[in-house]
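Me: I have a model open on my screen and would like to go through it with you. Could we take a few of the labels one by one and see what earns each of them?

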Amino acid sequence: MMDEKHLEQQLAEELIAGWQIIATGSGFLVSTDWHWPNDERIEIYVRTVGEREDLYIVTDGGDLYNFLFSQGIDLSRDENGMKIFSNTAERYGVRILDGQMVKGSSDGDLAGSIRKMLEAVKDASFLLWHKLNREGCVH
């Protein structure tokens with residue numbers, strides 16, 4: 001019979017089994033097996049803050065904002081859509097800056113910050129994608 005520790009370990013491995021983590025010059029690119037509504041993989045970008053090697057910026061790189069724009073949804077002109085975007089991000093401790101979802105992090109909470117960013121991206125994409133009307137505005 002499986003115990004909870006063994007199940008926890010298997011679940012942790014399963015949750016990231018399809019992920020790729022690629023080192024970049026100033027951080028990481030985390031390519032998840034979670035998908036946008038158009039079936040492309042969601043990627044999370046992690047970069048260090050200046051010369052500090054223990055502080056990070058975790059971001060979607062503006063991918064959600066750009067994805068919606070490519071589908072004809074301009075959040076800069078859609079007040080209700082931007083409100084949904086911001087409120088969803090805030091639930092995960094994420095801010096919206098220049099169309100990017102952004103969260104600060106340290107070494108100790110980097111994995112949690114990546115998870116929260118991914119959840120914020122996924123929630124916001126579902127809420128905005130499924131509430132779109134034919135004019136490209138959120139109702």
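Me: Which element gives the largest share of the lining of the largest pocket?

Reply: Happy to help! Bear in mind that this is a predicted model. Helix α4 gives the largest share of that lining, with three residues. Both α1 and α4 (110-130) supply at least two residues each. The full lining consists of Ala12, Leu15, Ile16, Trp19, Trp34, Arg115, Leu118 and Glu119, and the volume of the pocket is about 160 Å³.

Me: What makes a residue of that lining nonpolar or charged, and how many are there of each?

Reply: Ala, Leu, Ile and Trp count as nonpolar, while Arg and Glu count as charged. The lining therefore divides into six nonpolar and two charged residues, with no polar ones.

Me: What makes Leu11, Leu15 and Ile16 a nonpolar surface patch?

Reply: To join a patch, a residue needs over 30% relative accessible area and no salt bridge, and nonpolar side chains are joined within 5 Å. Leu11, Leu15 and Ile16 make such a patch, with an area of about 290 Å². Leu15 belongs to helix α1 (residues 4-15), and Leu15 and Ile16 also help line the largest pocket.

Me: Why is the contact between lysine 5 and glutamate 8 called a salt bridge?

Reply: The N to O distance between the two side chains is 3.9 Å, and the cut-off is within 4 Å, so the pair qualifies. Lysine 5 and glutamate 8 are both in helix α1, three residues apart, which is about one turn of the helix. The structure holds four salt bridges, counted by this rule.

Me: How do you know that tryptophan 36 and phenylalanine 67 are stacked?

Reply: There are two aromatic pairs by the rule used here. For tryptophan 36 and phenylalanine 67, the ring centres are 5.7 Å apart and the planes meet at 20°. Pairing asks for centres within 6.5 Å and stacking for planes under 30 degrees apart, so this pair passes both tests. The two residues link distant parts of the chain, 31 residues apart: tryptophan 36 is in the loop between β2 (27-35) and β3 (41-48), and phenylalanine 67 is in helix α2 (residues 63-70).

Technical notes:
Residues numbered from 1 in each chain as written. Predicted model: local features only at pLDDT ≥ 70, side-chain atom pairs only at ≥ 80, totals over all residues. Heavy atoms only, no water. Patch = residues over 30% accessible without salt bridge, like charges linked within 9 Å, V, L, I, M, F, W, Y side chains within 5 Å. Areas by Shrake-Rupley, 256 points an atom, 1.4 Å probe, with all protein chains shown as cover. Helix = DSSP H or I, 4+ residues; strand = E, 2+ residues; numbered from the N terminus. 1 Å grid on protein atoms, 1.4 Å probe; cavity = no way out; pocket = protein on both sides within 12 Å on 5 of 7 lines; lining within 4 Å. Points joined across faces, edges and corners; volume = space filled by probe spheres on them. Phe/Tyr/Trp six-rings, centres within 6.5 Å; stacked < 30°, edge-to-face > 60°.
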